[in-house]
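Q: Please take a close look at one part of this protein and show me how it sits among its neighbours. Start with the whole, then zoom in.

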Amino acid sequence: MIKNAVSSLMVRFLHLPRAAPTLTYRPRCLLPLPPPRLRVAASASAPLAAMSTAAQQAVADQKRAVRSDVRRALKALSPDQRASEDLAIQNNILNSSWFKASKRLCAYISCAQLREVDTSKIIAEALSPDSEHDGQAKDIYVPRVEDKNRNMRMFKITAMDDLVKNSMNILEPSPLDASGNAREDVLSASSPVDLFVLPGQAFDRTGRRLGRGGGYYDTFLMRYQELAKEKGWNQPLLVALSYSVQILEEGIIPVNSTDVPIDALVTSSGIIPISPAALERV
């Protein structure tokens, strides 16, 4: 009887419905988590540090992939299309109320080899004392890269002749003017700037900006924002210029804590306000 009972239980057990296997989704961009440490004496923060490093590496890899895709798209733009978008983007800037109202601004000097949106008309308009838009010249500061450690300065110029080519054939202001006097550094200026005109590799409509990977602009923007906060100044409007192929769908551009978002995006089709500050001023 016992043997028959055991056999009956085994048959029932074998015919019980089995649970469906659990499916685990793992995004392709994430790296597997490190195995748990077996030694009790190991630091409790070590696994967290490892996870942070893995996440940072994943973001860096994603950024490189996005940059590569956008570079190909920019290279495919015809000269005529680039010229057309350059003109439209600059006109959108020059005709905007916030550019006309600005008294001091920081702007990049565009480089054709880097396929950046042209800023020559914006720079010339800002330097012109008889501008048709506001009737006076603006104080304008342009970037100079100091080293390979993300150190960049913004110096005031009064003419295009103040610019010289660096080792990469990119125009930059020399630290001294023709008379040997030090140029005014925007971080030492007594008055705030109203506007930053920024370059970039890729953007989206939520304010994400992807640079070239050096971190110069993000580092400088954080320094200036902190300075403005300390002095009680209004924060400048951060405006990026973008070709149509540089605008990506939301969520494609990865970001980390050191990436500074933009306030508005200017394209050949118009101005895209993003932040509350931009919505008030644009």
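**Strand β6 and its surroundings**

A: The protein exposes about 17000 Å², and carbon and sulfur atoms supply 54% of that area. Accessible areas come from the Shrake-Rupley method with a 1.4 Å probe, and for residues only the protein chains shown count as cover. This is a predicted model, where local features need pLDDT of at least 70, side-chain atom pairs count only at pLDDT 80 or more, and totals for chains, interfaces and linings use all residues. Residues are numbered from 1 along each chain as its sequence is written, and side-chain values use heavy atoms, leaving out hydrogens and water.

First, confidence. The protein has a mean pLDDT of 83 (the predictor's confidence in each residue, from 0 to 100), and 80% of its residues reach 70 or more. Residues 1-51 stay under 50 in pLDDT, and the model gives them ten contacts beyond four places in sequence. A contact means heavy atoms within 4.5 Å.

Next, the layout. The protein has seven helices and eleven strands. These are DSSP runs numbered from the N terminus: helices are H or I with at least four residues, strands E with at least two. Of the 282 residues, 38% are buried. Buried means under 20% relative accessible area, exposed over 50%, and partly exposed in between (1.4 Å probe, protein chains only).

Now the sheet. Seven strands form an open sheet in the order β3-β2-β1-β6-β9-β10-β11, with mixed pairing. Its edge strands are β3 (152-157) and β11 (270-273), each pairing on one side only. From one strand to the next, the twist averages 25°. Two strands pair if DSSP finds at least two bridges between them.

Strand β6 has a partner on each side. Strand β1 (residues 104-107) runs parallel to β6 (residues 195-198), and three bridges join them. Here L105 stands opposite L195. Four bridges join β6 to β9, again in parallel. There L198 stands opposite A240.

In a regular strand the side chains alternate between the two faces of the sheet. From β6, L195 and V197 point one way, F196 and L198 the other, and all are buried.

Helices lie against this sheet. Helix α5 (residues 120-127) crosses β1, β2 (139-145), β3 and β9, at about 135° to β2. Helix α6 (residues 216-231) packs on the sheet as well, touching β2, β3, β6 and β9, and its direction makes about 70° with that of β3. Axes are lines fitted to C-alpha atoms, for helices over the stretch in contact, and angles run from 0 to 180 degrees between N-to-C directions.

Aromatic rings link β6 to α6. Rings of Phe, Tyr and Trp (its six-membered ring) pair if their centres lie within 6.5 Å; planes under 30 degrees apart count as stacked, over 60 as edge-to-face, and the rest as tilted. By this rule there are two aromatic pairs. F196 and Y224 form an edge-to-face pair, 5.5 Å centre to centre with 65° between the planes. The pair links distant parts of the chain, with F196 in β6, Y224 in α6 and their positions 28 residues apart. F196 counts as buried because its relative accessibility is 1%. Y224 is buried too, because its relative accessibility is 1%. F196, F220 and Y224 form one aromatic cluster.

Finally, step past the end of β9. S242 lies in the loop between β9 (237-241) and β10 (264-267). S242 counts as buried because its relative accessibility is 0%. Not counting residues up to four places away in sequence, its contacts include I89, V117, F203 and L265.
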